[in-house]
Amino acid sequence: MSLEPLHDITRLRGPVPLVHLLLRHFVRSGGRAVDATCGNGNDTLLLAELVGPTGRVWGFDIQQEAVDGTARKLAAHGLGERVTLVAAGHETMAGRLEAGLSAVVFNLGYLPGGDRSIITRPATTAAALEQAQSLLAPGGIVALTVYPGHKGGDAERHMVEEWAARLQAPLFHVWRMGQTNATADAPYVVIAQKGV
Ligand SMILES: C[S@@+](CC[C@H](N)C(=O)[O-])C[C@H]1O[C@@H](n2cnc3c(N)ncnc32)[C@H](O)[C@@H]1O
């Protein structure tokens with residue numbers, strides 16, 4: 001099934017296509033992955049497509065509206081069976097799934113088109129990142145899209161940078177990827193790959 005243009009990665013406009021490119025490489029059929037922030041379900045949908053019929057995806061969001069919208073999107077593509085949606089914070093992921101994940105995706109900030117006061121928060125994101133790094137399979141990635149521009153976003157950016165700096169090579173390979181010809185507070189990507 002073709003999911004274009006939802007997953008259009010022909011234009012590297014903003015961080016999401018970049019993350020999707022990486023996910024297409026690292027998440028394989030039969031794999032297991034987490035969307036830590038379902039929002040409108042675009043990353044969950046891609047992960048569900050990539051893990052195939054024998055894989056599994058877990059999707060988390062604290063907003064029922066986001067979980068319901070994601071469920072509808074998956075159902076429209078016939079992929080709902082592959083995904084466990086959890087209407088709870090990603091900081092609870094460790095108690096809900098086993099280690100061996102190919103990818104854990106965080107798209108921080110607020111739900112596009114939703115309530116902008118409901119944002120990811122440094123304390124809970126930090127707890128989830130610690131869990132995610134433990135749950136990764138060797139070679140698996142945590143992919144974060146960081147949004148410093150909104151109220152509260154700068155504090156979260158600092159937390160993410162501190163977390164990333166604590167990950168020691170060669171146990172983890174950590175990358176920061178931002179668009180050079182964009183404003184200083186433009187969103188950017190942090191990737192942490194667990195060493196093989
Ligand atoms: C930028 S949006 C995600 C966009 C989404 N990836 C997409 O494809 O549309 C961030 C989401 O994180 C959710 N969120 C905030 N705190 C959370 C938490 N502790 N655990 C899980 N989700 C959370 C918000 O409700 C919001 O829907």
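Along strand 3 (residues 83-86), the side chains alternate between two faces. V83 and L85 point to one face and are buried, while T84 and V86 point to the other and are not. Here a residue is called buried if 20 or more other C-beta atoms lie within 10 Å of its own, exposed if 12 or fewer, and partly exposed in between, with C-beta atoms placed from the backbone. Helices (H or I, at least four residues) and strands (E, at least two) are DSSP runs, numbered from the N terminus. The structure is a predicted model, in which local features need pLDDT of at least 70, side-chain atom pairs count only at pLDDT 80 or more, and totals for chains, interfaces and linings use all residues. Residues are numbered from 1 along each chain as its sequence is written.

Strand 3 pairs with strand 2 (residues 56-60) in the parallel sense, over four bridges; two strands are taken to pair if DSSP finds at least two bridges between them. Within this pairing, V57 stands opposite V83, and F60 stands opposite V86. The connection from strand 2 to strand 3 passes through helix 3 (residues 64-76), and this β-α-β crossover is right-handed. That term applies if, with the strands pointing away from the viewer, the path from the first strand over the helix to the second runs clockwise. Strand 2 is mostly covered, with four of its five residues buried.

Strand 2 also has strand 1 (residues 32-35) as a parallel partner, and four bridges join the two. One of the bridge partnerships is that of R32 with R56 in strand 2. Together with helix 2 (residues 42-51), strand 1 and strand 2 make a right-handed β-α-β unit.

Helix 2 itself deserves a closer look. Nine of its ten residues are buried, so helix 2 is largely enclosed by the rest of the structure. The buried positions are D43, T44, L45, L46, L47, A48, E49, L50 and V51. These residues pack against helix 1, strand 1, strand 2, helix 3, strand 3 and strand 4 (101-107), where a contact requires C-beta atoms, placed from the backbone, to lie within 7 Å. After helix 2 comes G52, whose phi is positive, near 70°.

A further backbone feature is found towards the other end of the numbering. A cis peptide bond, with omega about 5°, joins A169 and P170. P170 is placed in the loop between helix 5 (153-166) and strand 6 (172-178). For background, most residues other than glycine have a negative phi, and most peptide bonds are trans.

Two exposed residues complete the local picture. L12 is found in the segment before helix 1 (15-26) and counts as exposed because it has 11 C-beta neighbours inside 10 Å. Leaving aside neighbours within four places in sequence, L12 is in contact with P17 and L18. The C-alpha atoms of L12 and A155, 143 residues apart along the chain, are separated by 26 Å. A182 lies in the loop between strand 6 and strand 7 (188-194), and with 12 C-beta neighbours inside 10 Å, A182 also counts as exposed. Although A182 and G14 are 168 residues apart in sequence, they are 9.4 Å apart in space, C-alpha to C-alpha.

Turning to the ligand, 22 residues surround it, of which T37, G39, N40, N42 and G89 come nearest; a residue is near if its C-beta atom, placed from the backbone, lies within 6 Å. By class, this shell has seven nonpolar, twelve polar and three charged residues. In this scheme Ala, Val, Leu, Ile, Met, Phe, Trp, Tyr, Cys and Pro count as nonpolar, Asp, Glu, Lys and Arg as charged, and the others, Gly among them, as polar.

Over the whole chain there are five helices and seven strands, running α-β-α-β-α-β-β-α-β-α-β-β from the N terminus on. Of the 196 residues, 40% count as buried. Among contacts between residues at least 6 apart in sequence, 72% join residues at least 24 apart. The C-alpha trace spans about 40 × 40 × 35 Å along its principal axes. The radius of gyration, taken over C-alpha atoms, is 15 Å, which agrees with the value near 16 Å for a compact globule of 196 residues; the globule rule is 2.2 Å times the number of residues to the power 0.38.
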